Amino acid sequence: MTCRTLVAAVLGAATAAVLALPAVASASPHDIQTTPLTVTREKGHVLACTGTGSGVDVVVDLYDNDVFGTHAAVSVRTPDDEYVRGGETGAGLFDKGRIRREFVLDSEASGTAQTVVVSGAYVRSGSPKRVHEVYDEPFGQVVTKGWNYPLRAGVTVRTMGQQVRLTCGESFAYRLTTWRPDSTAE
């Protein structure tokens, strides 16, 4: 075997080995990855709103993620009491530009409950913003890349005989790809 034939054989084998690497490893934004990765593609919405009317202060944070679920945190404060509800909720907070959901909020101080109806509409507004986040979790470094699409929202809350118009600050739809170390790998 000549030197030229040997070099061609080695280069051919190296090329075949690189092309045979798993897709997850080649798709990872990590430079050096020693543990297997889990890749998720996520889409959803984030809406954070506040408002005050007739002595009622309202805070509403809504979040949905097609992989990790739907969460709502709603707080209504009066001069005499505070009603709170937070945690996972059923899907459907955001539905083709509309928001309408009824929540029951509890008060630890008085032991009573109040019904709150959150309703409104949202549309995309403004240019998409590129997302690139790197942060640490117990099993290693996590990288998220994708896009946030700003939303303009008009939302009101009806509770305690009052209707309170909310101002929404952080509001966006998103599409992300996240690479995180596989915590089940040994």
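# Working through a strand-rich chain

Of the chain's 186 residues, 37% count as buried. Keep in mind that this is a predicted model. Grab the structure and work through these.

**Exercise 1. Work out which secondary structure elements the chain has and in what order they run.**

Solution. Start with the tally: there are two helices and nine strands. Then walk along from the N terminus, where the order reads α-α-β-β-β-β-β-β-β-β-β. Next, look at the contacts between residues at least 6 apart in sequence: 55% of them join residues at least 24 apart. Finish with the surface, where the chain exposes about 11400 Å² and carbon and sulfur atoms supply 53% of that.

**Exercise 2. Find the strands that pair with β8, and say in which sense they run.**

Solution. Take the partners one at a time.

- Step 1: β6 (residues 113-124) pairs with β8 (residues 140-159) in the antiparallel sense, over eight bridges. Here valine 118 has valine 157 of β8 as its bridge partner.
- Step 2: β7 (residues 129-137) is also antiparallel to β8, with nine bridges joining them. Check valine 134, which stands opposite valine 143 in β8. A hairpin of two residues takes you from β7 into β8.
- Step 3: β9 (residues 162-181) pairs with β8 over 13 bridges, antiparallel once more. Threonine 159 stands opposite glutamine 162 in β9. The hairpin between β8 and β9 has two residues between the strands, and methionine 160 in that hairpin takes a positive phi near 50°.

So what's the result? β8 pairs with β6, with β7 and with β9.

**Exercise 3. Classify the ring pair of phenylalanine 94 and tyrosine 122, then place both residues in the chain.**

Solution. A search of the whole structure turns up three aromatic pairs. For phenylalanine 94 and tyrosine 122, the ring centres are 5.6 Å apart and the planes meet at 75°, so call this pair edge-to-face. Now place the two: phenylalanine 94 is in the loop between β4 (82-89) and β5 (98-106), while tyrosine 122 is in strand β6, 28 residues apart. Are they buried or exposed? The cut-off for buried is under 20% relative accessible area. Phenylalanine 94 comes in at 8%, so it counts as buried, and tyrosine 122 is buried because its value is 9%.

**Exercise 4. Identify the ring cluster, and then the ring that has a charge over it.**

Solution. Begin with phenylalanine 172 and tyrosine 174, an edge-to-face pair at 6.3 Å centre to centre with 65° between the planes. Both phenylalanine 172 and tyrosine 174 are buried. Bring in Tyr63, and ring pairs link Tyr63, Phe172 and Tyr174 into a cluster. For the charge, go to tyrosine 149: the charged end of arginine 124 sits over its ring, 4.1 Å from the centre.

**Exercise 5. Locate the disulfide and work out its handedness.**

Solution. There's one disulfide to find. Cysteine 49 is joined to cysteine 168, with an S to S distance of 2.0 Å. The torsion about their S-S bond is about 95°, so the disulfide is right-handed. This pair links distant parts of the chain: cysteine 49 belongs to strand β1 (residues 37-53) and cysteine 168 to strand β9, 119 residues apart. Last step, accessibility: cysteine 49 is buried because its relative accessibility is 1%, and cysteine 168, at 18%, counts as buried too.

Technical notes: Residues are numbered from 1 along each chain as its sequence is written. This is a predicted model: local features need pLDDT of at least 70, side-chain atom pairs count only at pLDDT 80 or more; totals for chains, interfaces and linings use all residues. Side-chain values use heavy atoms; hydrogens and water are left out. Helices (H or I, at least four residues) and strands (E, at least two) are DSSP runs, numbered from the N terminus. Buried means under 20% relative accessible area, exposed over 50%, partly exposed in between (1.4 Å probe, protein chains only). Contact means heavy atoms within 4.5 Å. Accessible areas come from the Shrake-Rupley method with a 1.4 Å probe; for residues, only the protein chains shown count as cover. Two strands pair if DSSP finds at least two bridges between them. Rings of Phe, Tyr and Trp (its six-membered ring) pair if their centres lie within 6.5 Å; planes under 30 degrees apart count as stacked, over 60 as edge-to-face and the rest as tilted. A charge sits over a ring if NZ of Lys or CZ of Arg is within 6 Å of the ring centre and within 35 degrees of the ring normal. A disulfide is a pair of cysteine sulfur atoms within 2.5 Å.
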